[in-house]
Amino acid sequence: MHNNYYFLKFLVAELRQKLCYARLKQSFSQEKDELMLGFERQNGEDFWIKCYLGGQFSSLVFLDDFRRAGRNSVDLFSEVLLAEVQEVELYENERAFSIHFLGGYKLLFKLFGNRGNVLLFRDDDYQGQFQKKLKKDQEIVILQLSRPIDQSFEAFLANHGEIKSVFPTFAKEVLTYLQANDFETRDLHARWDLIQEVLALQAQGTFYCYLGSKGVVLSLVPMNLELLWEGTTAIEALNQLFYFHWSIGEFEREKYLIAANL
């Protein structure tokens, strides 16, 4: 659930502290599906965001230092180079956030599963994007990304306890947690109580990296899987996820696929 609204709440709050009044010093790509964004913070420290936006795995990674290769790299989003960050905005009930720059520019981080992308807007008008193959991204209307949803008990009752209608942003890990706690067999009031419990778990800001049969997952709720890491910092959680994904998760995923096809 690393590309999930409830996780992004924590990540955006941390990025806001890191990036407000920082300047974008470098923006380039030197590897397929990888965008590097280098910022200089007010205290002079560097802060890098590596946007790994592959078709099989998509995530952000954060670095204090990075050395650009001398060749095979391409400058991108030159319009916002040296621009100052004004705000980091999370879109309501959506898997997306944007970094606002002085001059009306926004870099939109669209983290839709394995269709992740970074797009540039100016005065909310589309200017360009990193992953050119995702042609429909040109049609994104940034002003329509936020999705207000009535998530009251009354709305839950009106939808006959159908959780995906009222809480469409719940990640697979959360739905697994609910199923493991007999969500479907409870009456509507008991279901609502369990939903409040899982909302409280997601709000407490504890992050877990687990190893399952299909690879490594990041969760905001405890799971019955092998625990690899636990912490309270969203930036570190993504760094740990990225490390475990490539060091352990891909091997386990391949092993699962081979076993499933025997």
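1. A good place to start is strand β12, residues 215–219: four of its five residues are buried, so the rest of the structure largely encloses this strand. Please keep in mind that we are looking at a predicted model.

2. The partner of β12 is worth a look too. Strand β11 (residues 207–212) runs antiparallel to β12, and five bridges join the two. A hairpin of two residues makes the connection from β11 to β12, and Gly212 has Gly215 of β12 as its bridge partner.

3. Now to the open sheet. Five strands with antiparallel pairing make it up, in the order β4-β3-β2-β1-β5. At its edges are β4 (58–63) and β5 (74–75), each of which pairs on one side only. Helix α1 (residues 5–19) packs on this sheet and touches β2, β3 (46–53) and β4. The direction of α1 makes about 145° with that of β3.

4. Within that sheet, strands β1 (residues 23–31) and β2 (residues 34–40) run antiparallel and are joined by six bridges. If you would like a pair to click on, Leu24 has Phe39 in β2 as its bridge partner.

5. Back to α1 itself: over its 15 residues, the first and last C-alpha lie 20 Å apart, close to the 21 Å expected at 1.5 Å a residue. Its buried residues include Leu8, Leu11, Val12, Leu15 and Leu19, and Glu14 is buried as well.

6. Both ends of α1 have a detail to check. At the N-terminal end, Asn4 acts as a cap, with a side-chain oxygen 2.9 Å from the backbone nitrogen of Tyr6. After the helix comes Tyr21, which has a positive phi near 75°.

How values were computed: Residues numbered from 1 in each chain as written. Predicted model: local features only at pLDDT ≥ 70, side-chain atom pairs only at ≥ 80, totals over all residues. Heavy atoms only, no water. Buried < 20%, exposed > 50% of the residue type's maximum accessible area, 1.4 Å probe, protein only. Pairing = 2+ DSSP bridges. Contact = heavy atoms within 4.5 Å. Axes fitted to C-alpha atoms, helices over the stretch in contact; angles between N-to-C directions. Expected span 1.5 Å × (residues − 1). Polar contact = N/O pair within 3.5 Å; in protein donor to acceptor, adjacent residues only side chain to side chain.
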